[in-house]
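Work through the exercises below with the sequence and the coordinates open. Each task is followed by a solution in steps.

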Amino acid sequence: MEQTGRGIWGSRLGFILAAAGSAIGLGNIWRYPYITGQNGGAAFVLLYVGCVFLIALPVLIAELSLGRRTTLDPVGAFKALSPSKKWPMVGYLGVITGIGILSFYAVVAGWTLGYIVRTIIPSTEDFAQFVANPFEEIGYFAAFLLLTMFVVLGGVEKGIERWSKFLMPALFVLLGALIIYNLTLPGAGAGIEFYLKPDFSKITASTALAALGQAFFSLSLGMGTMITYGSYISKKENIPISGASVAIADTTIAFLAGLMIFPALFSVGMEPTQGPALVFNVLPAVFAQMPAGNVISLAFFILLAIAALTSTVSLLEVPVAYMVDQKKWSRKKATVVVTAATFLIGLPSALSQGTVEWFSNLTVFGQQGVLSIMSFVFSDLSLPIGGFFISLFVGWVWGVDKAYQELLLNTSPMMAKILSLWGIFVRYICPLVILLILVSKILGI
Ligand code: PHE
């Protein structure tokens with residue numbers, strides 16, 4: 001074993017499933033549909049898929065090679081490969097972003113726990129009342145963080161890998177069944193049209209940034225999650241194939257989630273632009289009309305909670321790996337301290353859904369409420385900025401030649417040919433496109 005002491009994935013499938021477990025989560029089933037709804041539907045979907053395969057996938061491959069080469073956390077990886085003291089700042093940005101995302105993500109993940117409970121013990125509160133109730137909000141938020149903490153305490157193989165193995169097939173089957181059911185609902189056709197018939201006049205700099213940010217968020221990129229996960233891959237594995245499998249699995253699940261939500265949304269006559277509440281408003285309305293709706297609802301929210309858990313675990317893993325590798329803290333101390341800090345940082349998000357007026361109404365960057373602001377700052381800004389520097393670093397500082405030594409291990413000659421394109425993407429296309437989208441958003445074009 002090359003990486004004694006740090007843990008390593010048990011098998012190739014173990015790694016792919018764990019990385020897919022990190023990627024697939026609330027980002028696909030909660031965030032993707034509401035962002036698509038806010039950005040006009042089908043044209044956004046095309047832009048999103050373009051961002052995933054042309055920009056995010058090359059960055060994913062870059063992160064995985066950085067991680068496996070150095071077998072370190074993100075800060076350590078930059079320290080080990082860079083001549084200058086400035087580059088590790090990209091790693092620090094990742095550590096901070098991990099905590100920032102986890103702080104609001106666990107709030108939404110808490111909603112899924114709440115909906116599991118509400119399915120078993122019906123409640124008279126609607127979604128808006130539920131999220132405005134401080135006891136429920138903070139209670140479920142804290143419960144979800146504790147769940148995450150316990151899994152991370154278990155370490156890489158036992159903790160993360162074991163959880164990821166059952167999830168994907170089950171989620172896939174349930175989504176398929178719900179899609180078929182929802183397509184038969186009256187009025188479903190308008191949803192299909194919204195989701196699949198592009199209207200390109202809806203594309204602006206904001207839409208482009210939303211698509212880019214969502215691609216990074218959904219693939220867990222730009223903050224070093226995949227550097228950290230890459231650091232646990234054995235040298236026997238093939239990085240490009242693993243990376244592409246993760247990107248395809250993640251995009252398929254997001255696409256299916258949209259196909260499940262939009263027909264239902266139009267059928268129950270709700271607004272596609274309603275924001276973070278969307279999935280939690282639409283699905284219970286559909287489950288309520290469905291035969292055996294309670295059982296389906298229970299299965300759905302349990303799977304969603306587990307999908308969220310394999311993502312929160314990967315979010316917590318980045319700051320924990322940093323503390324363990326760089327500060328020499330014990331895994332236990334690092335996990336407990338970071339979880340506690342995240343809880344405090346997440347409180348304003350938890351109280352921003354109608355509980356505390358100021359947190360709920362605060363509007364910055366066109367985003368209303370602390371939760372949406374956190375989501376915009378850490379997903380749409382911080383992740384693409386991180387991705388920009390990671391591609392510059394791998395393309396120009398560490399150098400594509402050295403990266404290729406890592407990438408080409410165990411690849412076929414055919415694959416090596418295709419991969420020669422990757423160098424052009426990380427050096428030129430990824431940084432330029434990311435910069436262009438960020439700058440045009442800032443200039444308000
Ligand atoms: N990709 C996860 C999701 O879609 C969220 C996430 C973002 C996880 C960044 C880790 C890092 O739910």
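The exercises cover two helices, the salt bridges, the ligand and two single residues.

This is a predicted model, in which local features need pLDDT of at least 70, side-chain atom pairs count only at pLDDT 80 or more, and totals for chains, interfaces and linings use all residues. Residues are numbered from 1 along each chain as its sequence is written, and side-chain values use heavy atoms, with hydrogens and water left out.

**Exercise 1. Compare the end-to-end span of helix α17 with the expected span, and locate its kink.**

Step 1. Helices are DSSP runs (H or I, at least four residues), numbered from the N terminus. Helix α17 covers residues 370-407, 38 residues in total.

Step 2. The expected span is 1.5 Å times one less than the number of residues. For α17 a straight helix would reach 56 Å, but the end C-alpha atoms are only 40 Å apart.

Step 3. The bend at a residue is the angle between axes fitted to the seven residues ending there and the seven starting there. In α17 a kink of about 95 degrees is centred on G399.

Step 4. Burial is judged by relative accessible area: buried is under 20%, exposed is over 50%, and partly exposed lies in between (1.4 Å probe, protein chains only). By this rule 28 of the 38 residues of α17 are buried, and the helix is mostly covered.

**Exercise 2. Carry out the span, bend and burial analysis for helix α2.**

Step 1. Helix α2 runs over residues 26-38 and has 13 residues. From first to last C-alpha it reaches 17 Å, close to the expected 18 Å.

Step 2. A bend of about 35 degrees is found at Y32 of α2, and the proline P33 follows within four residues.

Step 3. Of the 13 residues in α2, 12 are buried; among them are W30, R31, Y32 and P33.

Step 4. After α2 comes G40, which has a positive phi, near 95 degrees.

**Exercise 3. Which residue forms a salt bridge with R31, and are the two partners buried or exposed?**

Step 1. A salt bridge is a side-chain nitrogen of Lys or Arg within 4 Å of a carboxyl oxygen of Asp or Glu. The structure holds seven of them.

Step 2. R31 pairs with D380, and their closest N and O atoms are 3.3 Å apart. D380 belongs to helix α17 and R31 to helix α2, so this salt bridge ties together parts that are 349 residues apart in sequence.

Step 3. D380 has 6% relative accessibility and counts as buried. R31 is also buried, at 1%.

**Exercise 4. Trace the salt bridges of E406.**

Step 1. E406 meets R69 in a salt bridge of 3.3 Å, N to O. E406 lies in helix α17 and R69 in helix α3 (residues 42-70), so the pair joins parts 337 residues apart in sequence.

Step 2. E406 is buried at 2% relative accessibility, whereas R69 is partly exposed at 31%.

Step 3. K235 also forms a salt bridge with E406, with the closest N and O atoms 3.0 Å apart. K235 sits in the loop between α11 (225-230) and α12 (239-267), so its pairing with E406 in α17 ties together parts 171 residues apart in sequence.

Step 4. K235 counts as partly exposed at 31% relative accessibility. R68, R69, K235 and E406 are linked in a network of salt bridges.

**Exercise 5. Which residues come nearest to the ligand, and which polar atoms lie by it?**

Step 1. A residue is near the ligand if one of its heavy atoms lies within 4 Å of it. There are 15 residues around the ligand, of which A23, G27, Y105, F217 and S220 come nearest.

Step 2. Polar contacts are pairs of N or O atoms within 3.5 Å; within protein, one must be able to donate a hydrogen and the other to accept it, and residues adjacent in sequence count only if both atoms are side-chain atoms.

Step 3. A polar side-chain atom of Y105 is 2.4 Å from a ligand oxygen atom, and a backbone N or O atom of G27 is 2.8 Å from a ligand oxygen atom. A polar backbone atom of S218 lies 3.1 Å from a nitrogen atom of the ligand.

Step 4. Taken alone the ligand exposes 320 Å², and the protein buries 100% of that (Shrake-Rupley method, 1.4 Å probe; for residues, only the protein chains shown count as cover).

**Exercise 6. Place Q214 and T184, and give one polar contact of each.**

Step 1. Q214 is in helix α10 (residues 205-218) and is buried, with a relative accessible area of 0%. Its side chain joins that of R31 in a polar contact of 2.6 Å.

Step 2. T184 lies in the loop between α8 (156-183) and α9 (188-196) and is exposed at 59%. The T184 side chain reaches the backbone oxygen of Y181 at 2.5 Å.

Notes: Helices (H or I, at least four residues) and strands (E, at least two) are DSSP runs, numbered from the N terminus.
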